[in-house]
Every structure is written in C-alpha cells, then in structure tokens.
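Ready for a few exercises at the keyboard? Load the model shown here, try each task yourself, and then compare notes with the worked solution.

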Amino acid sequence: TMSKSALDLLNDLIAELENAVESSTVKETASNKKEAKEKLPVPPKQPKVKAESKKGAAAPTPSDQKEAININAIDLRVGIIRKVTKHETAEKLYCEEIDVGEDAPRAIASGLVPYYSLEQMQDRKLIVVCNLKARNLVGFKSHGMVLCASTVDENGVHRVEFVDPPASAKPGDRIVAEGLVAIEPFSPSKVDKSKAFEVVAPDLKVDHEGVAHWQGYRLVCLTNGGTGAESCIAPTLRNANVA
C-alpha cells in the first residue's frame with residue numbers, strides 16, 4: 001500500500017492533469033467560436049437615404065436668399081439737410097438733421113468734412129438710406145446714411161460727392177431701380193439680419209454720364225405720385241462706385 005503522502009501526490013497529479021485538459025478544452029472552444037465569427041459574412045453597409053422635405057423641395061440656402069435681394073429692398077429717400085454741425089471730437093464727421101418726409105428730421109452722421117464745407121452741407125438735397133439699423137458713431141447715434149459716389153483719381157486723390165436726386169424731388173420721395181418691382185422696403189432689423197445693404201452695395205455705381213445705376217437698372221425718383229421717373233446723378237464723378 002501507498003503511504004498517505006504518496007497518495008496525496010497522486011491525487012494532486014490527477015487534479016493537475018484534469019485542470020490542464022479542461023483549460024485546453026476551454027481555449028479550443030473559444031478559438032473555434034472566434035474562427036466561426038470571423039467566417040460569418042459581413043452585411044454590406046446600406047447607403048444613407050437623404051430625407052426629402054415635406055414639400056419635396058430643398059429649403060433656400062443663405063446664398064440663394066442673398067441672390068433674391070435687390071436694391072428695392074433698401075429704403076432710399078430724398079432728404080434735405082435742415083441743420084448741420086461738426087462733431088465735437090471726430091474731426092471728419094458732420095452731425096446732420098435731415099428731413100426725409102417724416103414727422104421729425106433724422107439725426108445722421110457723415111464723414112464728409114474733408115469734402116464739403118458747412119455752407120455746402122446746409123440745405124443740401126441728397127439721397128438717404130433710411131432702413132439701416134441705428135448705430136453709434138463716436139457717441140452720436142446715427143439713423144441712416146447719405147448716398148455718395150466715390151473714386152480715386154489719376155493722382156491718387158480720393159474724391160467723394162453726393163448723388164443728387166432730381167431738382168423737382170421732395171423730401172420723402174422714394175428712389176427705386178427702374179424696371180424692378182417697387183417692393184416694400186425691408187425693416188431695419190431685416191436689413192441688418194440679411195446684410196441686405198452689404199449684398200446690394202457693390203453693384204451701386206454711376207456710369208460714364210454720372211447716372212446712378214444698380215446692376216444696370218437706372219435709379220429714378222418717383223415724383224408726382226409715381227407719374228414721373230427722373231435720374232439721380234453725380235455732378236462730376238464718372239464710372240464711380242456709390243455707397
């Protein structure tokens with residue numbers, strides 16, 4: 001008979017062999033499962049289908065909306081400077097009170113000191129952009145801007161002058177592009193949000209005769225209840241930008 005210690009050793013050896021066999025079986029089973037998983041066919045990815053809008057048409061992009069904006073979205077009106085002073089601290093700014101056919105004159109600041117004297121500004125008839133959002137210019141709240149032609153001459157000198165409305169025009173008369181529908185102008189908040197003036201401004205110009213146009217459409221003043229259509233003209237500048 002075996003001693004107790006020898007029997008224990010034998011039992012230990014048997015247990016060790018059983019554990020080794022069990023471990024090998026587990027590993028083999030796991031390996032088989034992995035191989036089987038790798039051999040399974042992978043379904044192809046399905047292409048994403050873009051959902052169509054309920055109306056079947058794509059919503060307009062910001063660029064499409066900008067292309068739809070034209071100069072008649074801007075409220076251009078004839079005005080007359082009723083009062084003008086130099087700004088207290090900004091040496092290039094005039095502070096004007098301009099009659100644009102409303103109950104009270106509009107306060108507007110313009111950087112025209114280098115180009116016009118106070119006497120030339122007083123009682124001047126001009127064109128005003130009336131639906132811009134009010135902004136502070138060196139502490140002065142400006143409710144619009146005046147329309148001027150500008151260019152740089154052959155000597156490198158920057159020249160600026162008003163685009164004049166017709167002599168018969170009255171404060172409040174509207175300036176529109178002839179040939180385009182005279183739509184209701186945008187509100188100041190809509191002009192600001194859509195950047196409407198920035199969209200149309202690059203195409204505002206005076207031609208070789210000084211006549212103001214937008215994309216080739218002549219800017220005219222609707223006078224006498226809309227029965228007349230007269231041009232707006234820069235006095236001396238030709239082939240110049242307008243802003």
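Let us warm up with one residue: Cys232 counts as buried, because its relative accessibility is 0%, where buried means under 20% relative accessible area, exposed over 50% and partly exposed in between (1.4 Å probe, protein chains only). Before you go on, note that this is a predicted model in which local features need pLDDT of at least 70 and side-chain atom pairs count only at pLDDT 80 or more, while totals for chains, interfaces and linings use all residues. Residues are numbered from 1 along each chain as its sequence is written, and side-chain values use heavy atoms, with hydrogens and water left out.

**Exercise 1. Cysteines**

Task: Find how many disulfides the structure holds, and explain why Cys221 is not bonded to Cys232.

Solution:
- Step 1. Apply the cut-off: a disulfide is a pair of cysteine sulfur atoms within 2.5 Å.
- Step 2. Look at Cys221: its closest cysteine sulfur is that of Cys232, and at 6.1 Å this is too far for a bond.
- Step 3. Turn to the partner: Cys232 is in no disulfide either, with the sulfur of Cys221 as its nearest.
- Step 4. Check accessibility: Cys221 is buried, at 0%.
- Result: the count of disulfides is zero.

**Exercise 2. Salt bridges**

Task: Count the salt bridges, then describe the partners of the pair Arg82 and Asp99.

Solution:
- Step 1. Use the rule that a side-chain nitrogen of Lys or Arg must lie within 4 Å of a carboxyl oxygen of Asp or Glu. The search returns eight salt bridges.
- Step 2. Arg82 and Asp99 form one of them, with 3.0 Å between the closest N and O atoms. Arg82 belongs to strand 1 (residues 76-86) and Asp99 to strand 2 (residues 94-99), so the two are 17 residues apart and the pair links distant parts of the chain. Helices (H or I, at least four residues) and strands (E, at least two) are DSSP runs, numbered from the N terminus.
- Step 3. Compare burial: Arg82 is partly exposed at 41%, whereas Asp99 is buried at 18%.

**Exercise 3. A network and a loop-to-loop pair**

Task: Which residues share a network with Arg106, and which parts does the pair Asp164 and Arg124 tie together?

Solution:
- Step 1. Arg106 and Glu102 form a salt bridge with closest N and O atoms 2.9 Å apart. Arg106 is buried at 15%, while Glu102 is partly exposed at 32%.
- Step 2. Asp164 and Arg124 also meet in a salt bridge, at 2.9 Å from N to O. Asp164 sits in the loop between strand 9 (158-162) and strand 10 (174-177), and Arg124 in the loop between helix 3 (118-121) and strand 4 (125-129), so this pair joins parts 40 residues apart in sequence.
- Step 3. Through shared partners, salt bridges connect Asp75, Arg77, Glu102 and Arg106 into one network.

**Exercise 4. Ser142**

Task: Is Ser142 buried or exposed, and what does its side chain reach?

Solution:
- Step 1. Locate Ser142 in strand 6 (residues 140-142).
- Step 2. Its relative accessible area is 1%, so Ser142 is buried.
- Step 3. The side chain of Ser142 reaches the backbone nitrogen of Ala109 at 3.0 Å.
- Step 4. List contacts (heavy atoms within 4.5 Å): beyond neighbours within four places in sequence, Ser142 touches residues including Ala107, Ile108 and Leu137.

Technical notes
A polar contact is a pair of N or O atoms within 3.5 Å; within protein, one must be able to donate a hydrogen and the other to accept it, and residues adjacent in sequence count only if both atoms are side-chain atoms.
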